[in-house]
Amino acid sequence: MAEEQKEAKPKKRMTATKAAASIGPMVKEFITGTLQAKAEGKYKVAYTFIVCHHEEIFRALDVIPVWTENFAGICGAKRDAERFLQRAESLGFSRSLCTYALCGIGFDQWREELGQMPPEAPWGGQVRPDFMISSGQILCDPRSKWYQASQQFMPDVPIYNIDLPYPLFQENRDHREVLGYYHQYIVKQLRGLVAFLEEQTKKKMDYDRLRELVNLSDRTWNLIDETYKLRRAAPCPMGTGDAMNTMVPINFMMATQKAYDFFVDLKKELEEKIARGEGEVENEKYRLMWGGGLPAWYALNDFNYFNSKGASFPVETTYRMVAPLNEMDLPETKDPIEHLAWRWLGYWTFWYDKAKKRPGSEPDVERLINWIEEYKIDGVVMHEAFSCRTWHVGLIWQLHQLAKIYKPIPVYMIGKGGQKEKVYRELPSLILESDIIDITSYSEVDTRNKIDAFVETLESIQSNRAT
Amino acid sequence: MGDKQSHIFDTVKNYYNNYGLRAKELKGEGKQFIGYVCSLVPLEIITASGCTPFRVRGSVHEPITRGDTLLETIVCPYYRSVFDLSVKGKYNFLSGLVIPHGCDSMVRSFSAWSYGLPFSYFHFVNIPSVCDESSLEFFDAELDAFRKSLEKFTGKAITEEHLRQAIRVHNENRDKVRALYEMRKADPPLISGTELTMTLTAGSSLPIEESNGLFDQILTEVKGRGKSPLKKGPRIFIDGACLDNIELIKLVEELGGNVVADTICNGARDHFPKTEMGGDPISALSRRYLGKINCPKTYRENKAGTFEGDIASRFGDIGAYTKEYKVEGAILYVYKYCDPFGFEVPARKAYYQSLNIPLLPLEDVYSSGTIGQLRTRVQAFLEMIG
């Protein structure tokens, strides 16, 4: 079995904020914490996935979530995923499948075979779970297949699969017509999760505690929104490179005071940087949006490369898994489970009404358009990770729709004074191609050549505008 | 082959090669065809609306070109091909298209379809990922919403009686397919896998009554055959997703194998499960499409608590078919980038091992360009088990 060869350690990415720099140790502490919790046997640990709006339920019942996508990402960032991917391949899984899942399955199978952690497991390794909570959402097939596949090596570890659909955007339909039965279903699914966890932990849900945790999450959501909106400032005080660190409290630590406090500190730090006029890059020339795709975790240094060309990333769609709750018009309820279900639906349908008002728009496209305008974006960068259909299919089409609005020719718009104004709305885009953790798909030279060419395009557009 | 027999198979071949021929003719007469992708679209509701369901297919012979300008190449090649043909206008005679939540690619590309194709009706059917009482209740409501959207499109009410009638005629179709599969039990089979796949593919482009008529004629012809069109050879089972082109099956049979059964979407997966008659028709449909269609996309709980028990439950239909059709070897044919099937490959391998059935797992890209490679592998496999 192929294994053991690790890639050279990558150069550490420079962060723009102290908050982002504090994330690495935080994640390490979290991983070692799960190992310790398991060893002490005080708490149950469960494999699970991010963006399921179930953290509050976990924490109210003192279940420790083990975010398996996170561990795979760590293996990728440490350039130590290949040996686990190869192991999964040798078991019969195709490399074309989700490499997060392959890495996790390869790791689990190895740990089960050895009866202990594989040699030099990143940060001590991924703990054996007491149970696994998968989710069959409207998207991400691997979420309901990954743990099922892992059960081949851990047949004694039970799975509970929750279904969390949302109504897909359909141009000719008001999604409110169907929200009622979607909500009822999600509530039932979440209540099923509560019952499963109660059985596993032998505890009863404390609904007052759950309500407090939901409230804490809600406040964190709004705080994150406020914090990230500060990045509209020019120069931009924090870029997407840092946001790939600060996604950790958003996605892995929700419903904890620590996550809330993290964003209190980050907000303060950004406000101070803005007051000092301090940007992510010293001389900000271009403002780019990370418009889609999970990052290549082993190549986060590419953000520094963009920075070296004067390009900053004030906004990204990836991992910004919150939206302002005060703009959602969620029905009032005292039942925290019902609220979680409404919040889930509110998040996924957040852009629907706006999209309907703009011909040719669609929720993902509408979000891009809004943020292009709000964050004064000069260009869009996307990443196509070959192994993930969930977050990457549809990106080309979104750029195609955007190109209908942002044309490479001057267009006339009605300005504030009611006068016709000639404006250039050209918006170049760049699609980078590799993978989330499979480093064999990545070429630093090719990637940087593409970035150079893109920056030249941005420069030429700026020169033309000036002319 | 007698004259009459070759005549009916010529008709099938014509419908297969000129896919959509009959739909174009009937469109001229005012009939509306609604395209669908995947086995999870409840066809009975389309039929009950007065429209005709039409299975949109790809082509292994046509290079994917325009489709790739709008849809990522990390989508499974089968779906890419279907999309490519659609954006090139091959199915412009359709009035609408229904896409279910069959996989991530279907979900994520829905806008690319609905904004890019010139149809007046589009609908997305959300299929639950689990199968329990609450998901069936949800699915009832989702199918009712589908019914209402078709009512809005056609301007006509879809009554329970319309639905019952549609269920009846689709069940008849499934009975006829079962009868055709019975012809495969002879050794060698009275109908080849190539003929059967071509027939079922042609049938999915016709109004259900015409499809029933066609299958009746094929049945009569095959029953009247004195001998098999195939020489006796290893009895092969094809396991996988949608195989709407005959090339793989034809290859197996050219190399001496007899393809006798399958789980493929346009084969047993689509046609074997029937809808219960009586009771609420929408509810009966949700139970068929969610509960009975054995697609890896739907998570089935491991009730046994063991891996062996789990695979016996999830893949039990394979075990039953292989026994019923006296299978001697199986080919697991999976498309590259197909997550639902791809994650099941090791478990399926283990299951075939438990049945003592030799297995050839293939990952392919839905292109005639790989036939040469497949030929070598299939030949070696048949020699091994032969």
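## A tour of chain B

The domain assignment splits chain B into domain 1 (23-162) and domain 2 (187-385). Keep in mind as you look around that this is a predicted model.

**How the two domains meet**

From C-alpha centre to C-alpha centre, domain 1 of chain B and domain 2 of chain B are 23 Å apart. Their contact involves 37 residues of domain 1 of chain B and 40 residues of domain 2 of chain B. On the domain 1 side, helix 3 (43-48), strand 2 (52-55), helix 4 (77-87) and helix 7 of chain B each bring at least two residues. Helix 7 of chain B gives the largest share of that side, seven residues.

**How chain B meets chain A**

Chain B also has a partner: 46 of its residues are in contact with 45 residues of chain A. Several elements of chain B each supply at least two residues to this side, among them helix 7 (133-154), helix 17 (345-355) and strand 8 (359-364). So what kinds of residues make up each of these two sides? The table sorts them by class.

| Side | Nonpolar | Polar | Charged |
|---|---|---|---|
| Chain B, touching chain A | 25 residues | twelve residues | nine residues |
| Domain 1 of chain B, touching domain 2 of chain B | 19 residues | ten residues | eight residues |

**A strand-helix-strand unit**

Now find strand 5 (residues 235-240) of chain B. Together with helix 11 (residues 247-254) and strand 6 of chain B, strand 5 makes a right-handed β-α-β unit. Strands 5 and 6 of chain B run parallel and are joined by four bridges. One pairing to look for is Ile236(B), whose bridge partner in strand 6 of chain B is Val259(B).

Is strand 6 of chain B largely enclosed or open? Five of the five residues of strand 6 (residues 258-262) are buried, so the rest of the structure largely encloses this strand.

**A closer look at Leu332(B)**

Leu332(B) sits in strand 7 (residues 329-335) of chain B. Why does Leu332(B) count as buried? A residue needs 20 or more other C-beta atoms within 10 Å of its own to be called buried, and Leu332(B) qualifies because it has 22 C-beta neighbours inside 10 Å.

Which residues does Leu332(B) touch, leaving aside those up to four places away in sequence? They are Asp239(B), Gly240(B), Val345(B), Arg348(B), Leu359(B), Pro361(B) and Leu362(B). For another landmark, try Ala186(B): 146 residues separate Ala186(B) from Leu332(B) in sequence, and their C-alpha atoms are 23 Å apart in space.

Terms used
Residues numbered from 1 in each chain as written. Chains lettered and ligands numbered in written order. Predicted model: local features only at pLDDT ≥ 70, side-chain atom pairs only at ≥ 80, totals over all residues. Contact = placed C-beta atoms within 7 Å. Nonpolar A, V, L, I, M, F, W, Y, C, P; charged D, E, K, R; others polar. Buried ≥ 20, exposed ≤ 12 C-beta atoms within 10 Å, placed from the backbone. Pairing = 2+ DSSP bridges. Right-handed = clockwise from strand over helix to strand, strands pointing away. Domains from an automatic or database assignment.
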